[in-house]
Amino acid sequence: MLLSAAISVGPVAFTSPAEAAPLNAGVHLTPDSGPAGTDVTVGGQGFEACGEVTITFDGGHAEPGTVNVPEISGSITVPEGTPAGQHSIEATCDEDPDTGDYYYGSASFTVTGDGGGSNTPDEPLTLALTPDHGSIGDPIDVRGAGFDVCAAGTVYLHVLDGGPEIASDIPVTETGAFSYTEVIPADTAAKTYTFRAECTNEASLYADADLVVEAQADPQLTLAEEEGAKGSTVRAEGTGFRCSNVDLVWDGAEPPLTTAAVTEQATFSTEVPVPGDAQPGPHTVRAVCVDYPEQYADAPFTVTPTGGGTDNGGTDNGGTDNGGTDNGGTDNGGTDNGGTDNGGTDNGGTDSGGGSGGSGGGSATPVGLVVGGSSGAALALAAAALVYFGRLHRGPRWVHKHVRAALRPATGATALTETRQPGDPPTHTTRLDPHTDPGRQRLEGDGSEEEER
């Protein structure tokens, strides 16, 4: 046990070394220098057998110590009025009262100052922390004043109650001031800490100040818009980032989209570009501290599909492929289905309506007809048949998409007058009057029957 208060027990008489055999032991002092009035902690080793120990300053001012064989401990105060210079602090322990043998050890102590016997500086020692509260990553400005009494000219800064050493040998100016900047470490728990600045090797000259470490707020990232097109930009704002710079990362991939500076208030604001090759759908934007990757925050962002251009509303779906040449032009509405293949030679001409199917047109439904310039009645008949079968089997929308009738100049395909043999009754004659080309025709149902879709 260390005795912090000085206990005066009066002068102590020691056995003369000539009459007793001293058994040397080791003694160490903390501090080993200082002005008058300094409290000195004394420790020793090598006291193999010891019942009681006495600590003295220059052979006097004895103080009892604590024995824990083979070690001893105790404390003593440098007497007031002690002149500056080298002095001695001793630890003595009697082993055997009958023989007078004893354990003895001493160490040198340097008294600083003018020997006036006072450790009170001209002005009070002060320590200030700015700010006196903060959280992990915050810088704390440490400033002291009145430390011109420090003989070593430096200051030792540490945290009390088992806290860590912050810095040593901080220089003191001629005016007794010093300054230092400390950043609250990442693993610091939220509570109040006491900083102490003391003169190097003069523990009695010190000043204290409290620092309140607050719980760290979680970083937050906010996007001005939650969705947008690829190649656009979105404003990102962050709070609670305890670092100097943050990277804005797309879906966790490198390199970052951009890097933003963080203010002293742990905030930032910047424009984030949406990648030009981003796929439509949900994505994640992450803000992460460059120096402390464990500090980050995420925000969702949805890339919207591009509409009205080449991909969906232009060439592919609304242009050439579906609304142009392939389905609405040559292939289905032109040569292939409404022209030569289905409405001409194959189904409505030679194959189904001509040689193969006979004059009745076969079993296929006619979808096209070629007649001569004087075949208006035949055209009307074919059109009527087309309407009839279309009403039975196809709705007008289907007909509009799949049937096209067109007049083409050609000679009659068969004779229009029957041959009469002698003695036969009178024959029937059909007269066909030519008409001008009416242009493109559309056949539509009247909606009275169910349409096929």
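Which cysteine does a disulfide join to Cys-243?

1. The partner is Cys-289, with an S to S distance of 2.1 Å, where a disulfide is a pair of cysteine sulfur atoms within 2.5 Å. Cys-243 sits in the loop between β21 (233-239) and β22 (245-250) and Cys-289 in strand β25 (residues 281-289), so that distant parts of the chain, 46 residues apart, are linked; strands (E, at least two residues) are DSSP runs numbered from the N terminus.

2. Please keep in mind that this is a predicted model, in which local features need pLDDT of at least 70 and side-chain atom pairs count only at pLDDT 80 or more, while totals for chains, interfaces and linings use all residues. Residues are numbered from 1 along each chain as its sequence is written, and side-chain values use heavy atoms, leaving out hydrogens and water.

3. The count comes to three disulfides, and they follow the pattern 1-2, 3-4, 5-6 when bonded cysteines are counted along the chain. One of them joins Cys-50 to Cys-93 with an S to S distance of 1.3 Å, and another is formed by Cys-150 and Cys-199, whose sulfur atoms are 1.8 Å apart.

4. The torsion about the S-S bond of Cys-150 and Cys-199 is about -65°, so this disulfide is left-handed, and both cysteines are buried, meaning under 20% relative accessible area with a 1.4 Å probe and protein chains only.

5. Five strands form an open sheet of mixed pairing, in the order β12-β18-β17-β14-β15, where two strands pair if DSSP finds at least two bridges between them. Because β12 (133-134) and β15 (165-171) stand at the edges, each with a single partner strand, one side of each is left without a neighbour in the sheet.

Methods
Helix = DSSP H or I, 4+ residues; strand = E, 2+ residues; numbered from the N terminus. Buried < 20%, exposed > 50% of the residue type's maximum accessible area, 1.4 Å probe, protein only.
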